[in-house]
Amino acid sequence: MMWCPLNGKYSKVVQTFTKFSREYRWNEVDNLICGDPDKAFSEGTRFRRLGFAIIPDRFSNMAQEQEYVGKFQRLLEYLNKLQQKDLQQKMEIKIITSMEDVKDKGPTIGTNRLGKNTVKRFVVDLRKSKRDNYAWMEMVLDSSFSTNRTFKINFQWLVASASKVEAQVQLLQRRCTQYGLKLVNIPHASISADVFVNPFFAPIVIPVRDKHISISLESTISNALDFVSDGEIFTDPSHLQHIDGFVFPVVPRFFLVKKVLARQFVHRSGVIFVRLITDEKGWTIFVIFQNRRHIGSDSDKEQLARDVFLKLNRLIMESTNNAS
């Protein structure tokens, strides 16, 4: 059990301990450090990372939406300039407006956020001149930009000093402020398949054992509580098997629980996330967690996160009580 400041209670958390860790990819890391031209990180290399999300504005008409698209296009021009000079190909990000988003019934841009087919990657050379020590980082962006969803930007590095990465972060923040875009620092938990990835982080788990209530709550969250879609995240529900009644798909022969696509929302203030993990019966587990990276030591944001959670929790409790 771990104390959760959101609800002022102890929450149950799950951690898996193994006798032996996975084999570290020493050869791959050595190649990356020494200047491998195919600069691409994998999870086994234990690279450092920082995550950010652009949270869309509220639109009352199409003119405001087009203005927001124009702001993003200015940012995209800046990001294209960051690519290595020897790369002549311009980075293409698909832009989806609300009219196009209604017609698009396929997987969202958040599907497998770090998958090769759903992101754009490019290398940023951090050297000021060829005489400087070898230093670079990788930027990973969503391959599509939607006016109805967040847009994620990740900084990933192994061969770079903290000061040089921090300089790039500050440049990005200044550009977003200059263009009128809301950029928020986000935790790794918001893109991780494991909702308990941080052992010192206690998300709140609320099960809803009714398909129709789950659908109604999802609509209310985005319309009435000022949440916005954060895409879909592949989630491992095996750590939630202690919750009675839920049935998730299993890999045949191996009897391992499959990862499922979970819909995720973030409050427009950036202070709180909610992930909806739906089982085979249509029942949903609501996983709610704070954005500690954005809140930091700001007492006003801390209080806002509590207020948003109380409204969300009250909505879920009232919906389930009325049904019973």
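# Exercises on a predicted model

Trp3 is partly exposed, because its relative accessibility is 46%. The model used in these exercises is predicted.

## Exercise 1. A surface patch

Find the nonpolar surface patch that contains Trp3, and state in which strand Trp3 is found.

Solution. Start with the residue itself: Trp3 is found in strand S1, residues 2–4. Its relative accessibility of 46% lies between the limits of 20% and 50%, so Trp3 is classed as partly exposed. Next, look for its partners: Met1 and Tyr10 join Trp3 in a nonpolar patch on the surface. Together these three residues have about 430 Å² of accessible area.

## Exercise 2. Strand order

Work out the strand order of the open five-stranded sheet and identify its edges.

Solution. Reading across the sheet gives S10-S16-S15-S14-S11, with antiparallel pairing. Strands S10 (204–208) and S11 (227–235) each have a single partner strand, so both stand at the edges and one side of each is left without a neighbour in the sheet. On average, neighbouring strands of this sheet are turned by 25° against each other, direction ignored.

## Exercise 3. Pairing across the sheet

For each neighbouring pair, give the number of bridges and one residue pair.

Solution. Proceed from S10 towards S11.

- S10 and S16 (residues 284–290) run antiparallel and are joined by five bridges. Ile204 has Ile288 in S16 as its bridge partner.
- S16 and S15 pair in the antiparallel sense over seven bridges. Here Val287 in S16 stands opposite Arg275.
- S15 and S14 are antiparallel, with four bridges between them. Leu276 in S15 is the bridge partner of Arg263.
- S14 and S11 pair over seven bridges, again in the antiparallel sense. Ala262 in S14 is the bridge partner of Ile233.

## Exercise 4. Hairpins and positive phi

Locate the glycines with positive phi in the turns of the two hairpins that involve S15, then examine the phi of Asp226.

Solution. In the hairpin of S14 and S15, four residues lie between the strands, and Gly270 in the turn has a positive phi of about 85°. The hairpin of S15 and S16 has five residues between its strands; Gly282 in that turn has a positive phi of about 90°.

For residues other than glycine, a negative phi is what most show. Asp226 is not a glycine, yet its phi is positive, about 65°. Asp226 is found in the loop between H5 and S11. With a relative accessible area of 22%, above the 20% limit for buried, Asp226 is therefore partly exposed.

## Exercise 5. Helices and cover

Which helices lie on or across the sheet, and how many residues of S14 and S15 are buried?

Solution. First, take helix H5 (residues 211–224), which packs on the sheet and touches S10, S11, S14 (260–267), S15 (272–278) and S16. The direction of H5 makes about 35° with that of S14. Second, helix H7 (residues 299–323) lies across S10, S11, S14, S15 and S16. H7 runs at about 20° to S10.

Finally, count the buried residues. S15 is mostly covered, with six of its seven residues buried. S14 is also mostly covered: of its eight residues, six are buried.

Methods:
Residues numbered from 1 in each chain as written. Predicted model: local features only at pLDDT ≥ 70, side-chain atom pairs only at ≥ 80, totals over all residues. Heavy atoms only, no water. Pairing = 2+ DSSP bridges. Axes fitted to C-alpha atoms, helices over the stretch in contact; angles between N-to-C directions. Contact = heavy atoms within 4.5 Å. Buried < 20%, exposed > 50% of the residue type's maximum accessible area, 1.4 Å probe, protein only. Patch = residues over 30% accessible without salt bridge, like charges linked within 9 Å, V, L, I, M, F, W, Y side chains within 5 Å. Areas by Shrake-Rupley, 256 points an atom, 1.4 Å probe, with all protein chains shown as cover. Salt bridge = Lys/Arg side-chain N within 4 Å of Asp/Glu carboxyl O.
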